[in-house]
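Let us walk through this model one part at a time. Keep the structure in view as you read.

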Amino acid sequence: MYYDNFVLPFTIGINILIIYLIVRYTRWIRSFPKQDRKRIVKGMFSAKTLRAIKEVFLECLVHRKVYRTSPFLGYMHMCFGLGWFLLIVVGKIESTVYHTTAFNPPYFAIFFRFFHPANETFPYSNVFAFIMDLILLLILSGLLLAFTKRLYSKALGMKKTTNHRPFDLLILTVLWLIFPLRFLAESFTSGIRGGGSFLTHTAGDFFSQFLPLESLSYPAWWAYSSALGLFFILLPFSRYMHIPTEMVYIFLKNWGIKQGTAFNAFSEIQMYSCSRCGICIDRCQLNTSLGMQDTQPVYFLKKIRHHKEYAVQTENCLMCGRCEAACPVDLKLNALRLSKREDLTRITKYTYSYIPMVTPERRKVAYFAGCMGHLTPSVIRAMQHLFKQAQVEYTFIDEKEGICCGRPLMLSGNRSGASVLMEKNKAAIEASGADLLVTSCPICYKTFKEDYGLNIEVMHHSEYLNRLIESGQLQPHQADYTTVFHNPCELGRGSHVCGTPEAALKAVSHKIATRYDGLNSLCCGGSLANTHITSTQRTKIAMDAVAAYAAYHPDYIVTACPLCKKTLSKKSTEIPIKDIAEIVAENC
Amino acid sequence: MNYDKNDKAFAAYLAQKAPSSKLCIGCGGCTATCTAGNLTEFNIRKLQMLVKRGENEEACKSLYKCMLCGKCLLVCPRGVDTRKMILAMSEYIHRQS
């Protein structure tokens, strides 16, 4: 029996952690609605589980998404994630090959170099020793980067890194100690009785020249085991709870569990899955334009988790989704924020009884300009011109007595009020008999697609225009001027429409590729979701966005949202802001 | 009507929660563009005036007609956060009840 008292801190720590996690996760999952629990059981025995395993490997271990932010940062996270994982797995295989049974106690693999007499070889023992040293070196290199990041985060591509609680800094220190302690313990042991490979063996020989390794080796194993034990015991109360929780989240997400309108157990799982990497801080324009560094998802979730006041943070979010698009854990950050916004009104269907029943003309195509669309009549005129050019007969749903789509109410937490408006709009759309709904406003577009449950196709006008161009119903010529595209938040990141508007724009102008294309587009600052910032602050965000696009010296900044057009126009005196419909109409 | 005897707590709450409401010059741009105002007697300019005067009951009656679409926010020449104003009013009524 391989045993020594120094394995106790590790063994106690890991057992406490496992028991805690089982209790915690069981409680969370038991509090899920029955429907979600059924989904889990159904998803468990399907291909979804395999997809989840793949995602766990790519995101929790390799940290693929972090690489997108910065390769150095990705490498650093990969060293810890994949490195530690390989250290455990390869260590287990090595100990199994030596011991010929997989049922050796967990600590045996972890402290293998202590228990294994170095003079006793076994199949591939040199190869194992080399691989284990290589993995340890990988982790130590990551540790060096992590330390550099704490001192100077810009070196790893982060302008701002997260401010952690003192407790989290303590456990960070414990984590950082684990691997150097392992390195020392293995090196000291190697220095006394041999073993190890290029790293620990060489270090052992080196240390043996001037250190009393006989008296240092055993305490080093104690220190290594104690650091591990302490880390495991502190883990549930620190941000490192994200390590096991993120995996649970990925499985649940793949099995079909979604963040609903309420902050529930699944929201808590997401909250605990946040690693506080701080990638959202640099992405947030409230930080980059306004210097606000306490409202990003990392801090919002941190405040909820540690029972701090978060009312301001709940309101102070543009819901542009820039953080969500970059989040390496793929947390549903907008939905989480929204779930904390309460409905404080008393709206019933009688409140909006003044809204008349609209009976639009029956046509195959229905057009909905939206409230914001009506603020930019030039966009509506352009669309009317294009419908005529393409010889499409359409019905204008909200031409005269239109109402709001309901999404602005939803963004304020007022779902009951929104549902009343949705019912009314839905009735009008259905009365038109259309099989295609085209809207000019991305805010309306998102809610028509996601919340209305319409049985017809819904398209944003940029998608529709691209379809008309592709089918030849519109034959625009390509103008000489250059354009950049500002993809509205609700369209690009919100509804995953990125390629089609850009294709339409390329057909009618010389579109300049920018670093803000696709999911990286900026927010104009006009977002209705934020009820905290002032008009001056909104203007500052718009100014910075205009300056960012102006750096490419385009003839026009083109957007596909009346709200963005209105907001950006206020601050773009030199470069005109146009809607994509206006640009297409000009060239048809 | 004696404005001095009216309850000004609502107005004070509004001024604190939505300070930009104090910038209103009563131009009526918000009302002219209002989606709800196009269909019924709903007037944001009047609504904020009623609250400031302490005519709370009348203000509460029409408050919820707002659809929070945000058009008024974009046309306001003074940068009054009209949506925040409406939400602050709702919050006050909610707290009172």
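Start with chain B. Of its 97 residues, 48% count as buried. Burial here is a matter of crowding: a buried residue has 20 or more other C-beta atoms within 10 Å of its own. Keep in mind that the model is predicted.

What makes up the secondary structure of chain B? It comes to 6 helices and 0 strands. Read from the N terminus on, the order is simply α-α-α-α-α-α. The radius of gyration of chain B is 12 Å, and the globule rule gives 13 Å for 97 residues. The two values are close, so chain B is as compact as a globular protein of that length. The C-alpha trace of chain B spans about 35 × 25 × 25 Å along its principal axes.

Contacts within chain B tell about its wiring. Take those between residues at least 6 apart in sequence. Of these, 66% join residues at least 24 apart.

Now turn to chain A and its sheet. In what order do the strands of this open sheet lie? The 4 strands run β2-β1-β3-β4, and the pairing is parallel. Two of them, β2 (394-396) and β4 (457-460) of chain A, stand at the edges. Each has a single partner strand, so one side of each is left without a neighbour in the sheet. From one strand to the next, the twist averages 25°.

Look at one pairing in detail. Strand β1 of chain A, residues 365-368, is joined to β2(A) by 3 bridges, and the two run parallel. Here Val365(A) stands opposite Tyr394(A), a residue of β2(A).

A helix packs on this sheet. It is α25 of chain A, residues 461-471, and it touches β3 (436-439) and β4 of chain A. The direction of α25(A) makes about 95° with that of β4(A).

Last comes the meeting of the two chains. Here 24 residues of chain A are in contact with 21 residues of chain B. Which elements give two or more residues to the side of chain A that touches chain B? They are α20 (370-375), α22 (407-411) and α28 (535-550) of chain A. The largest share, 3 residues, comes from α20(A). By class, this side of chain A has 14 nonpolar, 7 polar and 3 charged residues.

Note on methods:
Residues numbered from 1 in each chain as written. Chains lettered and ligands numbered in written order. Predicted model: local features only at pLDDT ≥ 70, side-chain atom pairs only at ≥ 80, totals over all residues. Contact = placed C-beta atoms within 7 Å. Nonpolar A, V, L, I, M, F, W, Y, C, P; charged D, E, K, R; others polar. Pairing = 2+ DSSP bridges. Axes fitted to C-alpha atoms, helices over the stretch in contact; angles between N-to-C directions. Rg over C-alpha atoms; globule rule 2.2 N^0.38 Å. Buried ≥ 20, exposed ≤ 12 C-beta atoms within 10 Å, placed from the backbone.
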